[in-house]
Amino acid sequence: MKKKLISLALVMTMCIALLAGCGGSSSASSSASSAPAAEAAAEATDGDLATKKVGVCIYQFSDNFMTLFRNELERYLVEQGFSKDNITIVDGANDQATQSGQIDNFIADNVDVLIINLVNSSSAATVTDKVVAAGIPLVYINREPDADEQQRWADNNWNICYVGCDARQSGTFQGEIIGDLGLDAVDFNKNGKIDYIMIEGDPENIDAAYRTEFSVKALTDAGFEVNCLDDQVGMWDQVKGGELVANSLSQHGNEIEVVFCNNDAMALGALQAIQNAGRKVGTDIYLVGVDALTEVVEKVISGEITGTVFNNHFAQADGAADAAIRYLKGEGNEHNIQCDYTKVTAENAQEILDSLK
Ligand code: BGC
């Protein structure tokens, strides 16, 4: 029941976001389109969703966050009336060539709608072209294609959209979590600056670029002086993130006051490295991530991690499924559908944890 209420609330949030056209990353929103495929599907009713074939491409199954996302996506599609047998979810194994082959197979198999988490956002134009040529509506998730690409969808009135959260907001929230502690609490070495290291996700991914930029911008906007001691690419990966932070700690030692990680998987790796180096979060260093993985929210409660940002996989997965359904019903979609992140600190972590269950 609680889960149902949460889902309902999230669906409502997405609807409000849709109506208000809220958010606004590199968005190229336009009104609903009416390409031939949508007209052909216009007679679809809730009843025959069970006969519709959905192809879902995930960039990499081993990604913690995308696992939560795809499980929710499948659960919600089934709840909406799709047959589990008609939902095919494939693992791109972090290889664009593999994923492109999977998309070709879905096209050959005449799927009714595609939901794609690209391996490389820069492949969007090629993918869009072949999916449009096949007359299949497409919902991109998680890795946002660039503004030029989104403009093409609008200009051509294609049944293509992106559903996701604005990563600038998550970066800003990370910076604010640190800024709210105040300089006195953070500036352990008393040099008047916030000395930090940045562990980035995949640089191809706009989420990584925006989180890196906006976490620091939130601090400078609030008037703090900052000093970047190290900036490394951990590819969203826990083990890699841990190794990078361990290296950085051995190189810069006590000078590091804050560890920013573009996601929670890398923050978990960072925590291990911090503990191995004999440092203590909240006492002589601070650590923030993004996603609100259950394990991380628990550590925010226990004080082992300073904070994170809830990357709402329920809203994104349900929103992507709703967009797919609207295409199947011939209703069209805005080309860019956004949802909100939520800041997670010790103050609200229990509440967030309860909502994840
Ligand atoms: C998440 C990461 C995830 C990445 C995959 C990001 O939005 O925060 O945890 O690895 O998406 O593209």
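Let me start with the surroundings of the ligand, which in this predicted model are made up of Tyr-59, Asp-63, Phe-65, Asn-142, Arg-143, Asn-205, Asp-207, Arg-211, Trp-236, Asn-263, Asp-291 and Asn-311.

Three of these side chains deserve a moment each. A polar side-chain atom of Asp-63 sits 2.5 Å from an oxygen atom of the ligand, and for Asn-142 the distance from a polar side-chain atom to a ligand oxygen is 2.5 Å as well. For Asn-263, a polar side-chain atom lies 2.9 Å from an oxygen atom of the ligand. And how much of the ligand does the protein bury? Taken alone the ligand exposes 310 Å², and 99% of that is buried by the protein.

Now let me turn to the cavities. Rolling a probe the size of a water molecule over the atoms shows where empty space is left. This structure holds five cavities of 30 Å³ or more, and the largest of them has a volume of about 100 Å³. Its lining consists of 13 residues, and those closest to the centre of the cavity are Asp-63, Phe-65, Asn-142, Trp-236 and Asn-263. You will recognise these names, since Asp-63, Phe-65, Asn-142, Trp-236 and Asn-263 are also among the residues that surround the ligand.

What kinds of residue make up that lining? Four are nonpolar, four are polar and five are charged. As to where they come from, helix 3 (64-80) and helix 9 (206-221) each contribute at least two residues to the lining of the largest cavity. On the level of domains, at least three lining residues come from domain 1 (2-165 + 311-340), and at least three from domain 2 (168-310).

Key
Residues are numbered from 1 along each chain as its sequence is written. This is a predicted model: local features need pLDDT of at least 70, side-chain atom pairs count only at pLDDT 80 or more; totals for chains, interfaces and linings use all residues. Side-chain values use heavy atoms; hydrogens and water are left out. On a 1 Å grid over the protein atoms alone, a cavity is a set of points where a 1.4 Å probe fits but cannot get out, and a pocket is an open set with protein on both sides within 12 Å along at least five of seven lines; lining residues have an atom within 4 Å of a point. Grid points are joined across faces, edges and corners, and a volume is the space filled by probe spheres set on the points. Helices (H or I, at least four residues) and strands (E, at least two) are DSSP runs, numbered from the N terminus. Ala, Val, Leu, Ile, Met, Phe, Trp, Tyr, Cys and Pro count as nonpolar, Asp, Glu, Lys and Arg as charged, and the others, Gly among them, as polar. Domain bounds come from an automatic or database domain assignment. A residue is near a molecule or strand if one of its heavy atoms lies within 4 Å of it. A polar contact is a pair of N or O atoms within 3.5 Å; within protein, one must be able to donate a hydrogen and the other to accept it, and residues adjacent in sequence count only if both atoms are side-chain atoms. Accessible areas come from the Shrake-Rupley method with a 1.4 Å probe; for residues, only the protein chains shown count as cover.
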